[in-house]
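This report describes a single protein chain, moving from one residue to the helix that carries it, then to the sheet and to the charged pairs. The structure is shown first.

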Amino acid sequence: APRLEKMAPPIANVVTVDVLPARVDEFLAIAAEDATESRKEPGCLRFDVLEHTGRPHAYLFYEVYTDADAVDAHKATPHYAKYAAF
């Protein structure tokens, strides 16, 4: 039988963002672009933007990457820079 090599588990990040009510529309546009472009990255396995049900104007990012290099690559993208500047 072929040997299965051990692989490092993927990296999952959960980020909570509280948004000022007056900036929700701006945030959602930036988050949508970040999610769409992040999903195209080769090391991104999942990228979801979710509304927090228990906190008004709070959102969750659920991100899964193949490894730490993929996380670093994500943080070097223009769409991440736009989110980070928000």
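## A buried serine

S38 has a relative accessibility of 0% and therefore counts as buried, the cut-off being under 20%. The model in which this value was computed is a predicted one. S38 is placed in helix α1, and, when its neighbours within four places in sequence are set aside, the residue is in contact with C44, F47, H74 and H79.

## Helix α1 and its buried side

Helix α1 runs over residues 24-38 and so comprises 15 residues; from its first C-alpha to its last it reaches 20 Å, which is close to the 21 Å expected at 1.5 Å a residue. The buried residues of α1 are V24, F27, I30, A31, D34, A35 and S38. Because they cover an arc of only 135° around the axis, these residues lie on the same side of α1.

What do the buried residues of α1 pack against? Their partners are the strands β1 (11-18), β2 (44-51) and β3 (58-65), together with the helices α2 (68-75) and α3 (78-85).

## The sheet

The strands form an open sheet of 3 members in the order β1-β3-β2, and the pairing is antiparallel. The edge strands are β1 and β2, since each of them pairs on one side only, and the twist averages 10° from one strand to the next. Helix α2 packs on this sheet and touches β1, β2 and β3, its direction making about 130° with that of β3.

Strands β1 and β3 run antiparallel and are joined by 8 bridges; at one of these positions, I11 has Y65 in β3 as its bridge partner. Strands β2 and β3 are likewise paired in the antiparallel sense, over 7 bridges, and here the bridge partner of V49 in β3 is F61. β2 and β3 also form a hairpin with 6 residues between them, and in its turn H57 has a positive phi of about 60°.

## V71 in helix α2

The contacts of one residue add detail to the packing of helix α2, in which V71 is placed. Is V71 buried or exposed? With a relative accessible area of 11%, V71 is buried. Not counting residues up to four places away in sequence, V71 touches I11, N13 and Y65, of which I11 and Y65 are the bridge partners already described for the pairing with β3.

A separation along the chain can also be set beside a separation in space: V71 and R46 are 25 residues apart along the chain, and their C-alpha atoms are separated by 12 Å.

## Salt bridges

Side chains of opposite charge can pair when their charged atoms come close. The structure holds 5 salt bridges, and three pairs are described here, beginning with D18 and R55, whose side chains meet at 2.6 Å, N to O. D18 lies in strand β1 whereas R55 lies in the loop between β2 and β3, so the pair ties together parts that are 37 residues apart in sequence. D18 is exposed, its relative accessible area being 52%, while R55 is partly exposed at 35%.

The side chains of K82 and E33 meet in another salt bridge, at 3.0 Å from N to O. Since K82 belongs to helix α3 and E33 to helix α1, this pair ties together parts that are 49 residues apart in sequence. K82 is partly exposed, with a relative accessible area of 41%, and E33 also counts as partly exposed, at 32% relative accessibility.

A further salt bridge brings together the side chains of E37 and K40, at 3.1 Å from N to O. E37 counts as partly exposed at 29% relative accessibility, whereas K40 is exposed, with a relative accessible area of 57%.

Technical notes
Residues numbered from 1 in each chain as written. Predicted model: local features only at pLDDT ≥ 70, side-chain atom pairs only at ≥ 80, totals over all residues. Heavy atoms only, no water. Helix = DSSP H or I, 4+ residues; strand = E, 2+ residues; numbered from the N terminus. Expected span 1.5 Å × (residues − 1). Buried < 20%, exposed > 50% of the residue type's maximum accessible area, 1.4 Å probe, protein only. Arc of directions from axis to C-beta. Contact = heavy atoms within 4.5 Å. Pairing = 2+ DSSP bridges. Axes fitted to C-alpha atoms, helices over the stretch in contact; angles between N-to-C directions. Salt bridge = Lys/Arg side-chain N within 4 Å of Asp/Glu carboxyl O.
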